[in-house]
Every structure is written in C-alpha cells, then in structure tokens.
Amino acid sequence: MSPFQKLLIVAIAGISLLGCSPLVRHEMTTEFPASVLYAVGTPPASDGRARFRDIFCRLLAADPDYQGKAGACENFLLRFNDEPLSGDIPQPPPSQSTRYRVMVVPGLFNECFADIALPFEDAIESLNDHRFKIDALVVSGRSSSDSNADYISATIDNLQLDQDERLVLIGHSKGAVDTLHYLVKYPQASRRVAAVVSVAGAINGSPLAAKGAGIYTGLARHFFFGQCDTGDDGAINSLRPAVRMSWLAANPLPKSARYFSLAACTRRDNINMLLKTGYDLLWTYSPRNDGLLLISDQIIPGGTLLGYANADHWSVVLPLENKNLLISQTVHAPQKFPRKVLLQAILVYVAETLESKQE
Amino acid sequence: MLKRFPNPYQFSCLAAFVLLFCGCSPALIPFDEKVPAQALSYIGAPPVFDTRMRFREIFCELLDDNRQRLGLKIGCDDYLWRLNDEPQAAASQKSLPAHDPGLNILIVPGAFSDCFEDIGKPYQEAAERLRQMGYQINNVDVSGLSSSPKNAEIIAGAVGKQNLGPSQPLVLLGYSKGTTDILHFLVTYPELAHRVTAVLSVAGAVNGTPLTDRFSEAKYDNWFARLSPGKCRPNDGGVFDSLSRVQQFQWLATHPLPEHVRYFSLATFARYEDIQLHQRITYKFLEKIHPLNDGQLLFLDQLIPGSALLGYVNADHWTVAVPVEEKFSDRDPVKRAENRKLRGLLFEALILFLAESLSSPL
C-alpha cells in the first residue's frame with residue numbers, strides 16, 4: 001500500500017466511526033444559551049423568563065404539596081445561563097374584577113385518547129381561582145391545522161362571553177399550531193381572543209414529523225388504535241418543519257392578540273418510556289428536546305418567552321401518572337410536575353400583561 | 001484462503017460505504033428548497049432582515065451583461081437559490097448601481113487559510129480586477145489555526161493601519177471563520193471598531209458548526225493541529241474552539257455587536273451531488289441535522305444577528321470563495337471554469353450592493 005492509501009484508510013476509518021454517532025454528544029445542559037429558530041422577517045420573541053419565574057416560584061412555595069421542598073422551583077423550571085436575573089419589578093396585582101375565559105386546545109391524537117387524559121385536566125379541577133373559567137376545546141386529533149381552525153372558529157363563535165370576560169386560548173403541542181391557524185384564518189372573529197399561550201407548542205413543527213409523515217401515511221393510519229375519526233388525516237403533515245416554517249413566513253400573526261410561549265425539555269432519564277425513541281432521534285439535533293420537539297422550535301414569533309419546563313412533552317400538561325392504566329407505568333416521575341401551579345402561573349402572567357397593556 | 005478477503009484498503013472503503021450510506025442515524029429532514037430563509041439564534045438577538053430581492057437584481061443583471069463575454073450558460077436562479085419566501089422582483093427593476101472605488105475593503109479569510117497558500121485568497125482574481133478600478137482591497141493575514149480572539153488582535157492591527165480618508169467607508173469582508181474573527185474584533189476593540197462601516201459575511205461560521213463540536217470533543221483538534229496539514233504559521237491552536245457551536249453561541253449571546261456597524265450576510269448550501277468530493281463526507285454528517293448545508297456549515301448558522309440577508313448561493317463552502325477544486329481536482333473542467341467566472345461576478349455584485357447600500361442611510 002502506498003502512504004496515500006494508508007492515510008486514506010486512517011481518515012476513512014476515523015471519519016466513518018464519527019459518522020456513526022450523533023454529532024452532538026453532550027447531555028442536556030443549561031450551560032449555554034437557549035436558542036430559537038425563526039423564519040427571516042418574523043418578529044423576534046421577547047424574554048419574560050425572569051418575571052415568570054418570580055410568579056411560578058412564589059405560587060409553588062405557597063402550594064401545600066411543594067412547601068418546604070428546597071430547590072423545587074429550580075427543578076421544575078430550567079434556568080438556562082442566558083436567563084436574565086429577576087428584576088424585582090413591582091407589578092400591580094391582577095385585577096380581581098377582570099375575568100378570563102380560558103379554552104385549552106389539545107395536541108396531536110389527543111382526541112383519540114381523550115378518555116386517558118386531556119391537557120391540564122387535573123389542574124383545571126383543582127385550580128381554585130374565580131377569575132379563570134377553564135374548559136377544554138377538543139379538536140380533531142388526526143386533522144390538519146387548517147381543518148381544526150374551522151372547528152375552533154365554530155366553537156368560539158358560539159361562546160357567550162360576559163362583558164368583563166376576556167378570552168385566552170392555551171394550545172398544547174399541535175393545539176398551539178391549530179390555534180394560530182384559527183387566528184390567521186379568521187382575523188375578524190378572532191379579535192375576541194386576547195391572548196394565545198403555547199405550551200410545548202409545535203410552532204416550527206418537528207423533524208420527527210418530516211420522517212413520520214411518510215410512515216404514518218403508508219402504515220400507521222391503517223392500524224390506528226385510538227378512538228377517533230380520521231378527519232382530513234392531515235395532522236402529521238401539518239407538523240412538517242417545511243410546512244410550518246413556510247406558513248409562519250407567509251402568515252404574520254394578528255396583532256390583536258398577545259402571544260406567550262412556554263417550552264419543555266428535560267434530561268433523557270426523565271423522558272416517558274414511549275417518547276425515548278423520539279428523544280434519541282432528536283438528540284442528533286440537540287439533547288435539548290422534550291421527546292417530540294426541540295426547544296428552538298417551540299417559540300411563537302413576536303411572543304413572550306415564559307420559560308422552560310423541566311418535563312417531557314406529555315408530563316408538562318397530561319396527568320398520565322395519576323391513571324390506573326398501563327400508560328402510567330411509562331412515566332418517569334420522581335416528583336410529580338406541578339401542573340396546577342404551572343397553569344396558574346401562566347394565567348397570572350397573562351392577566352398581568354393584558355391588564356398592564358390596557359393601562 | 002486469506003487472499004479471498006479484500007485487502008485493508010478495499011475493506012476500509014467498503015466499511016466506510018456501508019457505515020456512511022446505509023446510515024447509522026438517517027437524516028430526518030429531506031432536501032427541500034421550498035422553505036423560507038431561517039436563522040438560529042439566541043433569545044433577544046436582533047432579527048435578520050431581507051434584502052434578497054435587490055441583491056438578486058444586481059447579480060442577475062451583472063450575469064446577463066457578462067454572459068456572452070464569459071460564455072456562461074447558467075441561469076441566475078440556478079446560482080442563487082430562490083427560497084419560497086423570497087419576494088418577487090418589482091415590475092420595473094432598478095438599474096445596476098454605480099461603482100464606488102472609495103470603498104476600502106479588508107478581506108479576512110477562513111480557517112487554515114495560511115496552511116494552504118497555494119490555493120489563494122478568497123476572491124483573489126476578482127479583487128485584482130476591482131483594484132484596477134480604484135478600489136482599495138487588501139487581505140488580512142490571520143492565523144489559520146488560531147482562535148478568534150487571537151485573530152481579532154491581528155485584524156485590529158490591520159484596521160489601525162488603514163489610511164482612511166474623511167468619511168471613507170471601511171468594509172470588513174469575512175469568509176467562513178473570518179466572519180467570526182471579525183465579530184470578535186468588533187467587540188474586543190470598540191475604539192478601532194468605530195473605523196468600520198460595514199461587515200459582509202460570506203458563508204460565515206456565525207454560530208460555529210456542529211462538526212467542530214464533535215471534532216473537539218473527540219480530541220481530534222490536538223491531533224489535527226500536530227498533523228499541521230500544510231505550512232501553517234505559528235498559532236494558538238484555538239481554531240476548533242472558536243468554531244464550536246456551543247462556544248460561539250455563548251459568545252454571541254453575551255457580546256452584543258456594535259450598533260453603528262451595518263451587517264450583511266450571504267449564505268451557501270448545495271445539493272449533495274454539487275458538493276465537491278473533498279467535502280462530501282462532512283456534508284453527510286451535517287445532513288443528519290439539515291440537508292441544506294454547504295459541506296461545512298448549516299444554512300441556518302450563517303446569518304449575523306441583525307444583518308441584511310443578501311441571499312443563498314448554490315455552491316459548496318469552498319467554491320463560493322476559494323478555488324480549492326480548481327487547484328486540486330481535474331474533475332469537470334467546464335464546471336471548474338464556470339465556478340471561477342461566477343465567483344468573480346459574485347464578488348463584483350457584492351461590492352456593488354455594498355456601494356449602493358452604504359450610500360443610503362439605514
């Protein structure tokens with residue numbers, strides 16, 4: 001063998017081994033800044049993490065289930081190293097007279113498994129705050145965002161709001177995308193919406209959907225085991241990154257509503273057993289994911305970033321660990337995620353923002 | 001019996017083929033240029049804004065004007081990608097801007113530039129032609145294997161030496177890691193940075209590259225530095241650290257860029273079959289994250305926060321600025337000649353765009 005061939009062997013062998021492992025090898029870390037992927041021309045997100053942490057931590061400290069548990073707040077709300085320190089800006093307490101009608105829109109396939117859990121269902125039951133009236137707005141689990149926008153529109157058109165009531169839509173996962181489609185598709189009717197909150201929202205879609213669209217179309221749709229109608233069967237396609245980013249670039253969000261994003265990500269050992277494959281596939285991009293979405297894909301352009309829940313894509317909203325079902329065994333939950341506190345903190349932050357805007 | 005097995009050379013090639021192409025972890029996202037321009041950045045970064053339409057007008061008109069003389073057959077849209085959010089040109093196009101030989105341009109090359117001096121500097125031929133028109137165009141001899149802080153020092157020396165006339169604009173053109181070095185210079189030497197009017201990044205390693213994180217982690221950086229692939233000058237060996245995505249991201253988030261400087265970004269990506277052979281392996285690595293890459297960088301890592309986006313060139317990381325393939329390969333002589341001519345036109349279009357942009361306020 002010539003020296004050139006020897007060098008080529010060493011190079012090819014080394015590079016091939018590198019190629020077999022993910023480019024990113026480090027564990028999920030908060031030791032470098034949080035990131036956002038955005039379509040050029042969309043407005044930047046603003047940073048509300050310091051104030052949201054302040055609210056969340058105070059509510060958590062007052063919650064009987066978490067009182068006296070040192071460090072609980074930092075455990076549940078990740079602190080990336082670029083998070084601003086709390087400004088301790090005194091805020092006027094949210095008005096007791098303004099009331100909020102809150103509709104929670106679930107994500108992909110959730111309708112098909114609605115009997116197992118709906119987003120924040122345990123939190124809604126236990127949240128004892130007369131200002132917030134919260135209901136689920138269950139959209140088709142297998143339909144496209146465009147189709148679900150029609151359903152949301154019909155539901156909200158029939159909604160009776162009192163004069164002092166303001167409408168807030170919370171979307172989990174694809175529910176956040178469906179909600180944004182509704183606002184863009186029905187700009188006049190959606191002026192009733194004061195705020196949209198995305199919780200682990202698939203705003204930019206997911207690389208998993210890019211691959212999954214083909215698998216779902218070819219195979220999974222024929223063996224679907226949930227109990228729901230196929231709808232227009234466009235759900236997975238709506239989550240392809242190319243579809244999502246193109247939609248965001250072409251459809252500026254109405255300025256009549258305020259937008260908020262709460263993202264989720266956690267370490268691999270906290271990920272639900274059923275989400276671990278997704279987590280591992282996304283690890284190629286970044287270990288900072290929740291099993292289905294990367295953190296950089298969960299932020300609404302022009303909205304306010306509230307923070308990063310240390311939870312997987314389901315645990316952040318779905319009370320799976322409470323169920324006496326097989327799926328409860330898939331949850332890794334050394335400490336139950338405080339969904340009631342999270343929901344309350346989100347609503348307090350939103351109310352605070354909307355009321356300060358009014359002033 | 002043993003002779004029936006392939007020799008080690010054949011075996012390595014076979015193994016590499018199986019590992020690379022059968023895919024240990026397949027790409028999730030397919031190649032699709034029907035996507036909008038995208039940037040990955042930190043929370044609170046100033047947004048990138050769009051000037052692709054005007055840059056396309058300038059480049060395409062320049063191409064059309066020179067097509068016959070240079071014997072070029074390529075269509076403008078085949079060289080400049082048109083992503084699905086690029087605005088359509090206005091019905092009545094503006095004419096080509098006038099040259100402004102008053103521009104003073106310093107070109108900062110990328111990693112390993114001094115190790116392979118035979119290849120030449122970025123845009124060497126084209127720069128010579130523009131010098132004859134009166135432009136002051138010089139290269140900054142940064143150290144190819146050094147860190148960005150080290151090279152920032154070298155750039156500071158070069159900027160300090162520039163004899164600028166009253167209100168004469170100084171433009172720093174960074175290619176690949178040259179962009180990173182320039183950004184470090186602007187932040188570290190704010191007094192000297194005041195002499196700079198604009199920064200133009202070509203295939204800039206703004207966010208670093210995921211390739212380097214893997215490379216540094218495996219401690220190949222020391223191995224590579226010792227191997228010293230060419231005749232590199234003395235260096236601090238920090239090139240890979242400065243290209244690390246983790247480190248560069250951290251640096252960007254904690255070092256706001258000076259607001260008095262105007263920033264421009266031109267990015268690159270190409271299909272696998274259009275990537276030159278020397279970069280196809282690294283393209284395959286990056287493809288697992290995103291197929292829109294140039295063999296060294298992802299398309300979404302190449303935009304300076306707060307910059308004007310000029311466009312996306314359909315070229316690999318080297319071909320857009322330096323004649324690596326022309327020097328080291330005899331593959332497809334027609335294509336290589338075309339690349340050389342297109343590089344010249346691209347450089348002139350960039351300078352014309354800058355001349356026009358800098359003549360008007362923000």
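These questions and answers go through a predicted model with chains A and B.

Student: What ipTM and pTM does the model score?
Tutor: The coordinates are predicted. The two overall scores are ipTM 0.89 and pTM 0.90.

Student: Which residues of chain B have pLDDT below 50 with two contacts beyond near neighbours in sequence?
Tutor: Chain B has a mean pLDDT of 88, and 87% of its residues reach 70 or more. Where pLDDT is low, the predicted coordinates should not be read in detail. That caution suits residues 13-23 of chain B, where pLDDT stays under 50 and the model has 12 contacts beyond four places in sequence. The stretch below 50 with two such contacts is residues 1-7.

Student: How many helices and strands are there in chain B?
Tutor: Chain B has 362 residues, and buried residues make up 51% of them. Among its contacts between residues at least 6 apart in sequence, 84% join residues at least 24 apart. The count for chain B is 14 helices and nine strands.

Student: Which residue of β7(B) stands opposite L173(B)?
Tutor: L173(B) belongs to β6(B) and stands opposite I107(B). Strand β4 (residues 104-108) of chain B pairs with β6(B) in the parallel sense over five bridges. β6(B) also pairs in the parallel sense, over five bridges, with strand β7 (residues 198-202) of chain B. In β7(B), the residue opposite L173(B) is L200(B).

Student: How many residues of strand β6 of chain B are buried?
Tutor: Strand β6 of chain B covers residues 170-175 and is mostly covered. Of its six residues, the number buried is five.

Student: Which residue of β1(B) stands opposite L37(A)?
Tutor: Strand β1 (residues 35-39) of chain A and β1(B) run antiparallel and are joined by five bridges. β1(B), residues 38-42, is mostly covered, with four of its five residues buried. Opposite L37(A) in β1(B) stands L40(B).

Student: Which helix gives the most to the largest nonpolar core?
Tutor: The largest nonpolar core has 199 residues, and those with the most contacts inside it are V197(A), Y308(A) and I346(A). The helix that gives the most to this core, with 11 residues, is α14 (residues 333-359) of chain B.

Student: Which residues is I346(A) in contact with, leaving aside neighbours within four places in sequence?
Tutor: I346(A) is among the residues with the most contacts inside the largest nonpolar core. Leaving aside neighbours within four places in sequence, its contacts are V197(A), L262(A) and L306(A).

Student: On which residue is the kink in helix α2 of chain B centred?
Tutor: Helix α2 of chain B spans residues 52-70, and its buried residues include F55(B), I58(B), F59(B) and L63(B). The buried residues of α2(B) pack against β2 (49-50), α3 (76-79), β3, β9 and α14 of chain B. Just after α2(B), G71(B) takes a positive phi of about 65 degrees. The kink in α2(B), of about 30 degrees, is centred on D64(B).

Student: Is A98(B) buried or exposed?
Tutor: A98(B) lies in the loop between β3 (80-81) and β4 of chain B. Its C-alpha atom is separated by 7.6 Å from that of E356(B), 258 residues apart along the chain. Because A98(B) has 10 other C-beta atoms within 10 Å, and 12 or fewer counts as exposed, A98(B) is exposed.

Student: Is V322(B) buried or exposed?
Tutor: V322(B) is in the loop between β9 (308-314) and α13 (324-328) of chain B. Leaving aside neighbours within four places in sequence, V322(B) is in contact with I119(B), G120(B) and P122(B). The C-alpha atoms of V322(B) and I119(B), 203 residues apart along the chain, are separated by 7.1 Å. Because V322(B) has 23 other C-beta atoms within 10 Å, and 20 or more counts as buried, V322(B) is buried.

Student: What is the phi of F120(A)?
Tutor: F120(A) is in the loop between β4 (99-105) and α4 (121-126) of chain A. With 26 C-beta neighbours inside 10 Å, F120(A) counts as buried. F120(A) is not a glycine, although its phi is positive, at about 60 degrees.

Terms used: Residues are numbered from 1 along each chain as its sequence is written. Chains are lettered from A and ligands numbered from 1 in the order in which they are written. This is a predicted model: local features need pLDDT of at least 70, side-chain atom pairs count only at pLDDT 80 or more; totals for chains, interfaces and linings use all residues. Helices (H or I, at least four residues) and strands (E, at least two) are DSSP runs, numbered from the N terminus. Two strands pair if DSSP finds at least two bridges between them. A nonpolar core is a set of buried Ala, Val, Leu, Ile, Met, Phe, Trp, Tyr and Cys residues joined through C-beta atoms within 7 Å. Two residues are in contact if their C-beta atoms, placed from the backbone, lie within 7 Å. The bend at a residue is the angle between axes fitted to the seven residues ending there and the seven starting there. pLDDT is the predictor's confidence in each residue, from 0 to 100.
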